[in-house]
Amino acid sequence: SDTRRELHLLDGEALFSVAHDSTRPFEVHVGDALVRAVGTQFNIRRNARDTTVSVLEGTVLVAALEPQQESAAQRAQTLTAGEEVRITAHVGLDKLAQPNVRNAVAWRDRVLSFNGEPLGTIAAEINRYNDELRIEVEGKARDRQLIGVFSVDDPESLLQFLSQQDDIRIERSGRVVKILPR
């Protein structure tokens, strides 16, 4: 509108490059939080568990909209380039001690980078980008943590890697691939 730039991110991920305009603030409503940009570039990744805001350039204000958060830092934080904050329902805002903004935007190059993520989460991410195969992870295999970089255009590379692990087995049925514990 003439007085504001506002959108609601319901799910997924988006990278925003925002020109400064003090007469029209740019705001993203994401779950129970509000992200306000002041001439910047930032990434927002929302999934079922949490939301992560990563700042590439400039400054953003991130505010939890739920009043139950105990401290001011859990309710609102100003982030600058290179900083990230995770927003969860139970904690509020949690500034990441070891941010990795580069990994946060690797999806733009169709690459996903994981550092100790559970296999269930990794499969869900690969499935977001892939129409050829549907990867399902069952049992204890869901919690198996991995470190690695995988191309979203080559889900077979993940499956090839997993087939070499002693504690994992893979079953294929048409377009569905099941990853199971041994």
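A residue is taken as buried when its relative accessible area is under 20%. In this predicted model, His-29 has a relative accessible area of 18%, so this residue is buried. His-29 has its place in strand 3, and its side chain makes a polar contact of 2.8 Å with the side chain of Glu-6. Once neighbours within four places in sequence are set aside, the residues in contact with His-29 are Glu-6, Leu-7, His-8, Leu-9, Leu-34 and Leu-65. Glu-6 thus appears both as a polar partner and in the list of contacts.

We can turn next to the pairing of strands. Strand 4 (residues 33-37) runs antiparallel to strand 7 (residues 59-64), with 5 bridges between them. Strand 7 is also joined to strand 8 (residues 76-80), again in the antiparallel sense and through 5 bridges. Leu-61 is a handy residue for following this arrangement by eye: in strand 7, it stands opposite Arg-36, while its bridge partner in strand 8 is Thr-78.

The nonpolar interior comes next. In soluble globular proteins, nonpolar side chains tend to be buried together. Here the largest nonpolar core holds 21 residues, and those with the most contacts inside it are Val-35, Phe-42, Ile-44, Val-53, Val-60 and Val-62. Two or more residues of this core come from each of strand 2 (12-18), strand 3 (26-30), strand 4, strand 5 (40-46), strand 6 (51-57), strand 7 and strand 9 (84-88). A second core, separate from this one, has 20 residues, among them Leu-119, Ile-126, Tyr-129 and Leu-133.

Aromatic rings add a further layer to the picture. The model contains 5 aromatic pairs. In one of them, the ring centres of Phe-114 and Phe-150 lie 6.4 Å apart and the ring planes stand at 40 degrees, so the pair is tilted. Because Phe-114 belongs to strand 11 (residues 111-118) and Phe-150 to strand 13 (residues 145-151), the pair ties together parts that are 36 residues apart in sequence. Both partners are shielded in the sense used above: Phe-114 counts as buried at 7% relative accessibility, and Phe-150 counts as buried at 8%. Elsewhere, ring pairs link Phe-16, Phe-26 and Phe-42 into a cluster. Phe-42 therefore deserves a second look, as a member of that cluster and as one of the residues with the most contacts inside the largest nonpolar core.

Technical notes:
Residues numbered from 1 in each chain as written. Predicted model: local features only at pLDDT ≥ 70, side-chain atom pairs only at ≥ 80, totals over all residues. Heavy atoms only, no water. Phe/Tyr/Trp six-rings, centres within 6.5 Å; stacked < 30°, edge-to-face > 60°. Helix = DSSP H or I, 4+ residues; strand = E, 2+ residues; numbered from the N terminus. Buried < 20%, exposed > 50% of the residue type's maximum accessible area, 1.4 Å probe, protein only. Pairing = 2+ DSSP bridges. Core = buried A, V, L, I, M, F, W, Y, C linked by side-chain atoms within 4.5 Å. Polar contact = N/O pair within 3.5 Å; in protein donor to acceptor, adjacent residues only side chain to side chain. Contact = heavy atoms within 4.5 Å.
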